[in-house]
Amino acid sequence: MAIIEAEPYPFEFNRARASVIIIDMQRDFLEPGGFGAALGNDVSLLRRTIAPTRRLLEKARAAGLSVIHTREGHRPDLADLPPAKKARGRLAAGIGDLGPMGRILVRGEPGHDIIPELSPLPGEPVVDKPGKGAFFATDLDAVLKNRGIAQLFVCGVTTEVCVNTTVREANDRGYDCLVVADCVGSYFPEFQEMGLRMIKAQGGLFGWVATSDSVIAALSATA
Ligand code: C5J
């Protein structure tokens, strides 16, 4: 057991039961020329998470921690795309339509891929999710339970959408979530701040928040 400096109070890290989960670090959200950029967002606000996440990922892999990746997207026939999700935003080019990197958020298309900087290694589960939360309509809970995982170090995008939704789902299922502050990103600075504050508010209603340096220090201390 090692202690990670975190808010609202120190996190008791059990390396045998911990996993890193990296949410939706996909080309369509992070790359200039992708879906997020086409919507007018500044992708540099998300791209600042790449270097610290890669560092944490390398340390976690070296320490033998389980690593799980997720991707938001839909079947090519769009049979799993709720009409309400398709209609939302009244976009000229929305989910399933042809975008700058292939069909937007469709499995198998270039934009749906995880960015090359954080490519999964063989053996690391990639969970394809049709919703914002990574537990909804996926086998994530089974994957975690089968590996004996009880603690999640959460990285990815975006802080207030898929990261927060996943943390809330995980919390209701009994997992302890530590959100790695510099490894999660939002297109909106105010949502980044509030997204993190909501996790750790009221004594850690949904979990903990810490820096990647603090997590890496604990990984090194228990190596
Ligand atoms: C969004 C996500 N923002 N991964 N997806 O639509 O947060």
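**Ligand site and sheet, by question**

Modeller: A polar backbone atom of T158 stands 2.9 Å from an oxygen atom of the ligand, in a model that is predicted.

Biologist: What makes the approach of D24 to the ligand a polar contact?

Modeller: A polar contact needs a pair of N or O atoms within 3.5 Å. An N or O atom in the side chain of D24 is 2.8 Å from a nitrogen atom of the ligand, so this pair meets the cut-off.

Biologist: Which distance places V157 in a polar contact with the ligand?

Modeller: A backbone N or O atom of V157 lies 3.1 Å from a nitrogen atom of the ligand, and because the limit is 3.5 Å, this pair also qualifies. Of the 230 Å² that the ligand exposes when taken alone, the protein buries 85%.

Biologist: How do you know which residues surround the ligand?

Modeller: The criterion is a heavy atom within 4 Å of the ligand, and the residues that surround the ligand are D24, F29, E72, K132, V157, T158, V161 and C162.

Biologist: What makes the peptide bond between V157 and T158 notable?

Modeller: That bond is cis, with omega about -15°, whereas most peptide bonds are trans. T158 is found in the loop between strand 8 and helix 7. The bond from E7 to P8 is cis as well, with omega near 10°, and P8 lies in the loop between strand 1 (2-4) and strand 2.

Biologist: Why are strand 7 and strand 10 described as standing at the edges of the sheet?

Modeller: Six strands form an open sheet with parallel pairing, in the order 7-4-3-8-9-10. Strand 7 (126-129) and strand 10 (208-210) each have a single partner strand, so one side of each is left without a neighbour in the sheet. On average, and with direction ignored, neighbouring strands of this sheet are turned by 25° against each other.

Biologist: How do you know that helix 7 packs on the sheet?

Modeller: Contact requires heavy atoms within 4.5 Å, and helix 7 (residues 159-172) touches strand 3, strand 4, strand 7, strand 8 (151-157) and strand 9 (176-185), while its direction makes about 165° with that of strand 8. Helix 8 (residues 189-204), in turn, lies across strand 9 and strand 10 and runs at about 165° to strand 9.

Biologist: What makes strand 3 and strand 4 a pair?

Modeller: At least two bridges are needed, and five bridges join strand 3 (residues 18-23) to strand 4 (residues 66-72), so the two strands, which run parallel, count as paired. The bridge partner of I23 in strand 4 is T70.

Biologist: Which kind of aromatic pair do F11 and F153 form?

Modeller: A search of the whole structure finds six aromatic pairs. In the pair of F11 and F153 the centres are 6.0 Å apart and the planes make 55°. The centres must lie within 6.5 Å, and planes under 30 degrees apart are stacked while those over 60 are edge-to-face, so this pair is called tilted. F11 in strand 2 (residues 11-13) and F153 in strand 8 are 142 residues apart, and the pair thus links distant parts of the chain.

Technical notes:
Residues are numbered from 1 along each chain as its sequence is written. This is a predicted model: local features need pLDDT of at least 70, side-chain atom pairs count only at pLDDT 80 or more; totals for chains, interfaces and linings use all residues. Side-chain values use heavy atoms; hydrogens and water are left out. Helices (H or I, at least four residues) and strands (E, at least two) are DSSP runs, numbered from the N terminus. Axes are lines fitted to C-alpha atoms, for helices over the stretch in contact, and angles run from 0 to 180 degrees between N-to-C directions. A polar contact is a pair of N or O atoms within 3.5 Å; within protein, one must be able to donate a hydrogen and the other to accept it, and residues adjacent in sequence count only if both atoms are side-chain atoms. Accessible areas come from the Shrake-Rupley method with a 1.4 Å probe; for residues, only the protein chains shown count as cover.
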